[in-house]
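Let us walk through a protein model together, one step at a time. Have a look at the picture, turn it around a little, and then read on.

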Amino acid sequence: MARAGLSTERLTTAGAELADEVGFDQVTVSALARRFDVKVASLYSHVRGSQDLRTRIALLALEEMADLAGEAVAGRAGREALAALGNVYRDYAREHPGRYTAAQLRLDPETAAASAGARHARLTRAILRGYALEEPDQTHAVRLLGSAFHGYVSLELGGGFSHSAPDTDTTWLRTLDALDALLRNWPAPAP
């Protein structure tokens with residue numbers, strides 16, 4: 001019989017909170033059991049194991065970010081939409097570093113296809129329609145934006161920009177300007 005008050009959703013949320021506190025790589029069923037002061041075995045009626053818990057946290061993070069991104073870009077176009085999307089990722093990573101890390105977890109193809117990750121791609125493609133990119137350049141641009149956003153956020157959170165001026169907020173704005181300029185002037189393929 002399941003322990004009163006425990007559910008898959010509650011454990012997933014608690015696991016996400018734990019990830020934000022101690023790091024995603026430290027989230028295990030054992031750590032979560034300690035948090036609830038229960039035996040590990042009592043959690044197995046809700047999650048299959050640590051990998052299942054980590055996958056659920058990743059799916060939660062992807063869903064949260066997709067919801068925030070959808071709200072942020074609604075009614076915006078061009079640089080304004082680009083900045084709104086980038087700011088969602090940056091702000092989410094700052095507020096929820098463990099969940100942000102979780103969102104990078106490699107999911108099996110079936111789980112990934114059913115996740116909110118597909119919404120992220122659709123939102124990015126919707127923004128790129130304002131830049132009139134055709135395939136395969138649109139896919140290249142989706143990958144570029146994902147790489148630029150994730151790379152910047154990861155370096156910033158790791159302290160990679162803390163050693164010199166200008167401040168990271170100024171550099172972030174210039175990065176968004178540069179991405180916007182590149183998207184407006186996408187280069188033709190080399191012959």
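**Starting from helix α8**

Let us begin with helix α8, whose buried residues are Asp137, Gln138, Thr139, Ala141, Val142, Leu145, Phe149, Tyr152, Val153 and Glu156. Keep in mind that you are looking at a predicted model. These buried residues of α8 pack against α4, α5, α7 and α9. The helix has 21 residues, which at 1.5 Å a residue should span 30 Å, and its end C-alpha atoms are indeed 30 Å apart. Just after α8 comes glycine 159, with a positive phi near 85°.

Now pick out one residue of α8, phenylalanine 149. Which residues does phenylalanine 149 contact, leaving aside its neighbours within four places in sequence? The answer is Leu82, Leu85, Gly86, Tyr89, Trp172, Leu176 and Leu179.

Several of these names will come back in helix α4, so let us go there next. The buried residues of α4 include Leu82, Leu85, Gly86 and Tyr89, and among the others are Ala81, Val88 and Arg90. As a group, the buried residues of α4 pack against α3, α5, α7, α8 and α9. This helix has 18 residues and reaches 26 Å from its first C-alpha to its last, close to the 26 Å expected at 1.5 Å a residue.

It is time to step back and take in the whole protein. The secondary structure comes to nine helices and zero strands, so to speak of its pattern along the sequence is to write α-α-α-α-α-α-α-α-α. The C-alpha atoms fill a box of roughly 65 × 40 × 35 Å, taken along the principal axes. Of the 191 residues, 41% count as buried. The accessible surface comes to about 10,500 Å², and 53% of that surface belongs to carbon and sulfur atoms. Among contacts with a separation of 6 or more, 69% are between residues 24 or more positions apart.

What sits inside? In soluble globular proteins, nonpolar side chains tend to be buried together. Here the largest nonpolar core holds 56 residues, and those touching the most other members are Leu43, Leu82, Leu128, Phe149 and Leu183. Two or more residues of this core come from each of α1, α2, α3, α4, α5, α7, α8 and α9. Which helix gives the largest share of the core? That is α3, with ten residues.

Charged side chains are worth a visit too. The model has 16 salt bridges, and three of them make a good tour. In one, the side chains of arginine 56 and aspartate 52 meet at 3.1 Å, N to O. These two residues are four apart in helix α3, which means they are separated by about one helical turn. Arginine 56 is partly exposed, with a relative accessible area of 28%, whereas aspartate 52 counts as buried at 9%.

Another salt bridge joins arginine 99 to glutamate 64, with the closest N and O atoms 2.9 Å apart. This pair links distant parts of the chain, since arginine 99 is in helix α5 and glutamate 64 is in helix α3, 35 residues apart. Is arginine 99 buried or exposed? Arginine 99 is buried, with a relative accessible area of 8%, while glutamate 64 counts as partly exposed at 23%.

The last stop on this tour leads back to α8. Here the side chains of arginine 94 and glutamate 156 meet in a salt bridge, 3.0 Å from N to O. Arginine 94 lies in α4 and glutamate 156 in α8, so this pair ties together parts that are 62 residues apart in sequence. At 39% relative accessibility, arginine 94 counts as partly exposed, but glutamate 156 is buried, with a relative accessible area of 13%. Salt bridges that share partners also join Arg90, Arg94, Glu156 and Asp169 into one network.

One more region deserves a look, and it comes from a database record. In an unreviewed UniProt entry, residues 28-47 are annotated as "DNA-binding region". In the model, this span is 40% helix and 0% strand, and its end C-alpha atoms lie 11 Å apart.

Note on methods. Residues numbered from 1 in each chain as written. Predicted model: local features only at pLDDT ≥ 70, side-chain atom pairs only at ≥ 80, totals over all residues. Heavy atoms only, no water. UniProt positions renumbered as here; feature names shortened; annotations may be inferred. Core = buried A, V, L, I, M, F, W, Y, C linked by side-chain atoms within 4.5 Å. Buried < 20%, exposed > 50% of the residue type's maximum accessible area, 1.4 Å probe, protein only. Contact = heavy atoms within 4.5 Å. Expected span 1.5 Å × (residues − 1). Areas by Shrake-Rupley, 256 points an atom, 1.4 Å probe, with all protein chains shown as cover. Salt bridge = Lys/Arg side-chain N within 4 Å of Asp/Glu carboxyl O.
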